[in-house]
Amino acid sequence: MTVQRWRVMREPSLELTRDIPHLENIRQHVLGSQPSDWDPAYGQVNGRLPLDELRKNGEPTVLILQGHVDVSAEGAIGVRIETDAKIQTWIDAESLEDRREFELSLPNGRHAITLRVEVPESKRPFLRVELKTPDHSTANFAVVGGS
């Protein structure tokens, strides 16, 4: 299943956009943010989020995006990120840098998937994040959708 509902940080601070942020900046400015700091964005039916539509004034942009997953049974979850953008990924406060395909084990509860995305100049840049249960896993989860 893909992340279809994203939140886009309305006015990310320079600590988040200038360089790859330190963990304390992620905790303070992203995980400690308010719901009013975010705007909704939705992926297409194929799971692709068109990044060019999120650009401000057509300029190169660094976006802070966040999706959520609810875990009801702990276990390994496979994550695959497709994009032509340079990214840094955090699951809650754990940095996964620019990894595009990985597995991780998450405890029960809601978890934030945060991406710092440097939107490229390419034509029709996109982001697609797919989560799946590997064959060996007992995880049960749902990607959070809705408004």
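Two residues are in contact when heavy atoms lie within 4.5 Å. The model treated here is predicted, so local features are taken only at a pLDDT of at least 70 and side-chain atom pairs only at pLDDT 80 or more, whereas totals for chains, interfaces and linings use all residues. Residues are numbered from 1 along each chain as its sequence is written, and side-chain values rest on heavy atoms, with hydrogens and water left out.

**Exercise 1. The chain as a whole**

Determine which secondary structure elements the chain holds, and in what pattern they follow one another.

Step 1. Helices (H or I, at least four residues) and strands (E, at least two) are DSSP runs, numbered from the N terminus; the chain has 2 helices and 11 strands.

Step 2. Along the sequence, these elements are arranged as β-α-α-β-β-β-β-β-β-β-β-β-β.

Step 3. The radius of gyration, taken over C-alpha atoms, is compared with a globule rule of 2.2 Å times the number of residues to the power 0.38. For 147 residues a compact globule would have a value near 15 Å, and the chain agrees because its radius of gyration is 15 Å. Along the principal axes, the C-alpha atoms fill a box of roughly 45 × 35 × 30 Å.

Step 4. Of the contacts with a separation of 6 or more, 80% are made by residues 24 or more positions apart.

**Exercise 2. Leucine 65 and tryptophan 6**

Establish whether leucine 65 is buried or exposed, and list the residues that it touches.

Step 1. Leucine 65 is placed in strand β4, which spans residues 62–73.

Step 2. Buried means under 20% relative accessible area and exposed over 50%, with partly exposed in between (1.4 Å probe, protein chains only). Leucine 65 is buried, because its relative accessible area is 0%; in the chain overall, buried residues make up 47% of the 147 residues.

Step 3. Not counting residues up to four places away in sequence, leucine 65 touches Trp6, Arg7, Val8, Trp38, Leu49, Leu51, Leu54, Ile113, Thr114, Leu115, Val117 and Leu127.

Step 4. Tryptophan 6, which belongs to strand β1, is likewise buried, with a relative accessible area of 1%. Apart from neighbours within four places in sequence, the contacts of tryptophan 6 include Leu65, Leu49, Ile113, Leu115 and Leu127.

Step 5. Although tryptophan 6 and valine 144 are 138 residues apart in sequence, their C-alpha atoms are 9.2 Å apart in space.

**Exercise 3. Polar contacts of buried residues**

Find which side chain makes a polar contact with the side chain of threonine 2, and which is joined to that of histidine 68.

Step 1. A polar contact is a pair of N or O atoms within 3.5 Å; within protein, one must be able to donate a hydrogen and the other to accept it, and residues adjacent in sequence count only if both atoms are side-chain atoms.

Step 2. Threonine 2 lies in the segment before β1 (5–9) and counts as buried because its relative accessibility is 15%. Its side chain makes a polar contact of 2.9 Å with the side chain of glutamine 4.

Step 3. Histidine 68, in strand β4, counts as buried at 12% relative accessibility. The side chains of histidine 68 and glutamine 66 are joined by a polar contact of 3.5 Å.

Step 4. Beyond four places in sequence, Val143 is among the residues touched by threonine 2, and Val143 is also among those touched by histidine 68.
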